[in-house]
Amino acid sequence: MAVLNEEQEMLRDMAREWVTNESAVAKFRAVRASGEPRAYDPAAYATIARMGWAGVIIPEEFGGTDFGWLSAGMILEEMGKTVTASPLLTTTLAAAAIVLGGNPEQKAKWLPQLAGGAMIGTLAIDEGAHHNPHRLETSVSDSSLTGTKAFVHEAHDATLFVVAAADGMYVVDTSTPDAAASVQVATRHLADMRSHAQVTFCGARAEKLAHGGDDLLDQVLDRARILTACEMLGMAQQVFDTTLDYLKQRVQFNQALSSFQALQHRMADLFGDLAMMRSAVEGGLQALDSGMMMPHAAAIAKAEANRVLHTISREGVQLHGGIGMTDEYDIGFYLKRARVLEASWGSTGFLKDRFATLSGY
Amino acid sequence: MASLAKAGAPASETDFRREVQQFLSESFPPELKGKGNPVTGVESDLRETEPQRRWREAMGARGWGTPTWPKEYGGGGLSRKQAAILNEELSRAGAYNPIGGMGVMMFGPTLLEYGNEQQKQEHIPPICRGEIRWCQGYSEPNAGSDLANLQTTAEDKGDHYLVNGQKTWTSGGQWADKCFCLVRTDRSDKHKGISFLLMDMRAAGVEVRPIRMISGLSPFCETFFTDVKVPKENLVGREGEGWTIGKRLLQHERTNLSGGGSMARMMGPRLSDLAKKYHEADASGVLTDKVLRDRIADFEIRWGAFLLTARRAAEESKEKGGVSEISSVLKKLGTKLSQERSELTIEIMGLQGLGWEGEGFSDAELAGVRAWLFGKAVTIYGGSTEIQNNIIAKRVLGMLDHQ
């Protein structure tokens, strides 16, 4: 765990307490059972916004708290531990795009609403099943945006879409009925039972985020990679802890499984991997906060998150044996969500390619 | 919110930096600039050149080779901050710390903690001056990972001990002046029968035979003790306390073996630069062998995460004032990665990277082969990876004792 200041420690404890008491995995089961495509509990999100968590990276003058990326990441890590379903991650990313690329009017118009929970935001970037952000067909003419985006996270309740088009990034605000009519949201049920949809923009009114420079999209995506890795870190930590507890309790051959050396060494390996993942993810957050946003740090954070969560989620099921295969047991949720997040904002192959390119080979 | 703004450095730090700069300009022989450390000074048969000797003596006289050790025993008596300044100035001047070896890394810190006043007065100052080479007498033919099974005995003969037995993997034994040794003073208890004894390698009855390794080098020795008389005052701590003291010393060893910094220095040229030299790249410098490119990136990403882990361990230890939980994984992770890197290095060079000696190979190629082979030891010595896994499972994860 990174060394925290007093304020960050308070926020972390608060998040931990809320997640433990108010957002246990049972809450996710309830959301799933509801069958609502939005796949989160609006009352819970209202509480999240009231606690100020939606504005952690938003400047105070626009209604946020400006606590920084490490703080935002810690909250998402805690929520990852119980697979809490919420549009906090995507809303934070949409806000980040506006903070980086918006003009003063755009910031004043949208950031307070995102910070306060009145609007839910999301990123609409990829146009196929693979992350491929620099080959886009979505186009804009005369402030009217047309294109189809695949597997958009949390699209069902979003009213603010940050959309990547061939010539830059745009905001599509669908909070009025007229504007909403130009955007079609078609649900795509993925294994993680969260909100995903194909979103089609048919001449939607769009405002360009013109202040971010040419690499705005990459900057936003690097933030998406690091924050997603935070949720993944919480998941990996939880699967590891749960598995360790299980090995200590489960008795076979008259002894606890935790006394078998073959299993001890597998857990020691996972513990080492988890340490690497945590360092990589926290390193990404610190790179963001220090203002030295190294694209390298984002690639390392998400690549390590992919590698380690993949292994831990697989081993977690295996080490639980048969019980890990049941829907009644929680561990399957982590496995399914893991693969969705691994494929979002860069698979391991994509990130290695990016890292090599950034490093000049 | 706590202010993160940096104040200007306090006057005392600026003064100290000036003092270091002054010292360097007067005492560092310019001909050694950028030459790197013949570290080994202490653990090899390299003969010191005249400027190297002068530099060692200059640093030794100030105790700056062991900057944070107490002044009363010949150390520098510097604060951590001052030691960091010293380090910065040394590297800025292209200078190195000529005082090193096992006395500095392992034995000194342990003796400062457990030795009596007389032992500290006798043994610490020569370490600070780089005059005495120490070696480690721990492992035996039947006591490797099961170190506490050691059988070398020290028999109480009134005013001295009589030591008999065999040690092995004695690093630098053939060049060492002294040896810190684990010996058995009691056969009735495996752990409590062990004591920590200081031996003179020149004493009668000590015989050293170098072991030729797969790398062709002989950095390790077998050491035989036959009726060696050791004065009683060479016992560190009490009889039977050797296991406790010996384990403490191993912590210093592991910290040194896994330190991201020292490992990074061992690393040599970037793998991608090496790959561009031995393989094709397109006009924009992208390696045409996509599989190799992917594997290099895969390694470098994990190496980056390891360096961040080493940094985090140091920060957490400093913050909590103890050894961080993740320190336990550093040795295991770092040694595995360094071996992966060596394997990748020779693979990138093809058969050119397997040259053993003679014509047709560059110095770097020949050194790469020896380093690759020697590097196989790092996951074995200092507590093998398997032993590290046992320690992590039991001590950190609280898993039960295995059968």
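Here's a quick briefing on chain B as a whole, plus two residues of chain A. Keep in mind that this is a predicted model. Chain B averages a pLDDT of 89, with 90% of its residues scoring at least 70. The weak spot to know about is residues 1-7 of chain B, where pLDDT stays under 50.

**Chain B: fold and dimensions**
- Chain B's secondary structure adds up to 12 helices and 8 strands.
- For 403 residues, a compact globule would come out with a radius of gyration near 22 Å, and chain B, at 23 Å, agrees with that.
- Lay the C-alpha trace of chain B along its principal axes and you get a span of about 80 × 55 × 55 Å.
- If you take the contacts in chain B between residues at least 6 apart in sequence, 67% of them link residues at least 24 apart.

**Chain B: surface and charge**
- Of the 403 residues in chain B, 48% are buried.
- The exposed area of chain B is about 20,100 Å², and carbon and sulfur atoms account for 52% of that.
- Chain B carries 53 positive and 53 negative charges, and the mean positions of the two sets sit 3 Å apart.

**Chain B: where to be careful**
- Residues 1-7 of chain B, the stretch with pLDDT under 50, have 2 contacts in the model beyond four places in sequence.

**A:Thr92**
- You'll find A:Thr92 in helix α5 of chain A, which covers residues 88-101.
- Its relative accessibility is 5%, and because the cut-off for buried is under 20%, A:Thr92 counts as buried.
- Setting aside residues up to four places away in sequence, A:Thr92 touches A:Ile57 and A:Leu227.

**A:Phe355**
- A:Phe355 belongs to helix α12 of chain A, residues 348-358.
- With 6% relative accessibility, A:Phe355 also falls under the 20% cut-off, so A:Phe355 counts as buried.
- A:Phe355 and A:Pro295 are 60 residues apart along the chain, yet their C-alpha atoms are separated by 8.3 Å.
- Within chain A, and leaving out neighbours within four places in sequence, A:Phe355 is in contact with A:His296, A:Ala299, A:Ile300 and A:Tyr361.
- A:Phe355 also makes contact with chain B, through B:Ala297, B:Glu300 and B:Ile301.

How values were computed:
Residues are numbered from 1 along each chain as its sequence is written. Chains are lettered from A and ligands numbered from 1 in the order in which they are written. This is a predicted model: local features need pLDDT of at least 70, side-chain atom pairs count only at pLDDT 80 or more; totals for chains, interfaces and linings use all residues. Side-chain values use heavy atoms; hydrogens and water are left out. Helices (H or I, at least four residues) and strands (E, at least two) are DSSP runs, numbered from the N terminus. The radius of gyration is taken over C-alpha atoms; the globule rule is 2.2 Å times the number of residues to the power 0.38. Buried means under 20% relative accessible area, exposed over 50%, partly exposed in between (1.4 Å probe, protein chains only). Contact means heavy atoms within 4.5 Å. Accessible areas come from the Shrake-Rupley method with a 1.4 Å probe; for residues, only the protein chains shown count as cover. Lys and Arg count as positive and Asp and Glu as negative; His and the chain ends are not counted. The place of a charge is taken as NZ of Lys, CZ of Arg, CG of Asp or CD of Glu. pLDDT is the predictor's confidence in each residue, from 0 to 100.
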